[in-house]
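Visitor: Could you take me on a close look at one part of this structure, the strands and the turns that link them? I would like to see how that part fits in with what lies around it.

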Amino acid sequence: MKKWAPFKSLVEQDKYLKYTMSKREEIEKPLISNEKAEEINYLLQNHDGRTLKFTIYKNKRLVEIENQIKRIDMFDRKIYMVDRTSIYLKDLVDLEEIR
């Protein structure tokens, strides 16, 4: 992509290059194994106010968030965080405890 950098002078080409670079970074949603699902479930049940590192799939990218769980709403299938953000359980790919 660096070889096309001198051609950014054209407006249409600049938009196309940005679009191409953003498409290049997109990934498919990773599948979760049964063992990983059990580990995530255990951490969600026993979070006890600890800071956790969430890896979520959002806009065809993986995003890492460090936060504490305020509550889990199984009706809406959402996790509400202390800083008033929320994530859907279906978007959760990985969950780790920060030590």
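**The hairpins and their surroundings**

Guide: Let's start in a turn: R77 is placed in the loop between β2 and β3. Please keep in mind that this is a predicted model, and that the values below are computed from it. The phi of R77 is near 60°, a positive value in a residue that is not glycine. That is worth a pause, because most residues other than glycine have a negative phi. The loop belongs to a hairpin made by β2 and β3, with 4 residues between the two strands.

Now look at the strands on either side of that turn. β2 covers residues 61–73 and β3 covers residues 78–81, and they pair in the antiparallel sense over 4 bridges. You can follow the pairing through two of its partners: I72 is bridged to I79 in β3, and I69 has M81 as its bridge partner in β3.

D73 is a good residue to stop at, with its place in strand β2. Is D73 buried or exposed? Its relative accessible area is 15%, and the cut-off for buried is under 20%, so D73 counts as buried. Setting aside neighbours within four places in sequence, D73 is in contact with K78 and Y80. D73 and L89 are 16 residues apart along the chain, and their C-alpha atoms are separated by 9.6 Å.

Y80 leads us on to the next hairpin, since its bridge partner in β4 is S86. β3 and β4 (residues 86–88) run antiparallel and pair over 3 bridges. They form a hairpin with 4 residues between them. In its turn is R84, which has a positive phi of about 70° although it is not a glycine. R84 lies in the loop between β3 and β4. Why does R84 count as exposed? Its relative accessibility is 79%, and exposed means over 50%, so R84 falls in that class.

Going back along the chain, β2 has another partner: 8 bridges join it to β1, and the two strands run antiparallel. One of the bridge pairs is T51 with Q68 in β2. This hairpin has 2 residues between its strands, and N59 in the turn has a positive phi of about 55°.

T55 sits in strand β1, which spans residues 51–58. With a relative accessibility of 10%, T55 counts as buried. Apart from neighbours within four places in sequence, T55 is in contact with L62, V63 and E64, and with D91, L92, V93 and D94.

From here we can turn to the nonpolar core. The largest one has 13 residues, and those that touch the most other members are L44, F54, I69, I79, I87, L92 and L95. The elements that give two or more residues to this core are α2, β1, β3 and β5 (92–97). We met I69 earlier as the bridge partner of M81. Leaving out neighbours within four places in sequence, I69 is in contact with L44, H47, L52, F54, I79, Y80, M81 and V82.

L44 and L92 bring us to the largest pocket, whose lining consists of K29, I32, A37, I40, N41, L44, L89, K90 and L92. The space in this pocket is about 150 Å³. Which element gives the largest share of the lining? That is helix α2 (residues 34–45), with 4 residues. By class, the lining has 6 nonpolar, 1 polar and 2 charged residues. L89, the residue whose C-alpha atom is 9.6 Å from that of D73, is among the lining residues.

Finally, let's step back to the whole chain. There are 2 helices and 5 strands, and along the sequence they follow the pattern α-α-β-β-β-β-β. Of the 99 residues in the chain, 24% are buried. Among contacts between residues at least 6 apart in sequence, 47% join residues at least 24 apart. The contacts of T55 with D91, L92, V93 and D94 are a handy place to begin if you would like to trace such links on screen.

Key
Residues numbered from 1 in each chain as written. Predicted model: local features only at pLDDT ≥ 70, side-chain atom pairs only at ≥ 80, totals over all residues. Heavy atoms only, no water. 1 Å grid on protein atoms, 1.4 Å probe; cavity = no way out; pocket = protein on both sides within 12 Å on 5 of 7 lines; lining within 4 Å. Points joined across faces, edges and corners; volume = space filled by probe spheres on them. Nonpolar A, V, L, I, M, F, W, Y, C, P; charged D, E, K, R; others polar. Buried < 20%, exposed > 50% of the residue type's maximum accessible area, 1.4 Å probe, protein only. Contact = heavy atoms within 4.5 Å. Pairing = 2+ DSSP bridges. Core = buried A, V, L, I, M, F, W, Y, C linked by side-chain atoms within 4.5 Å.
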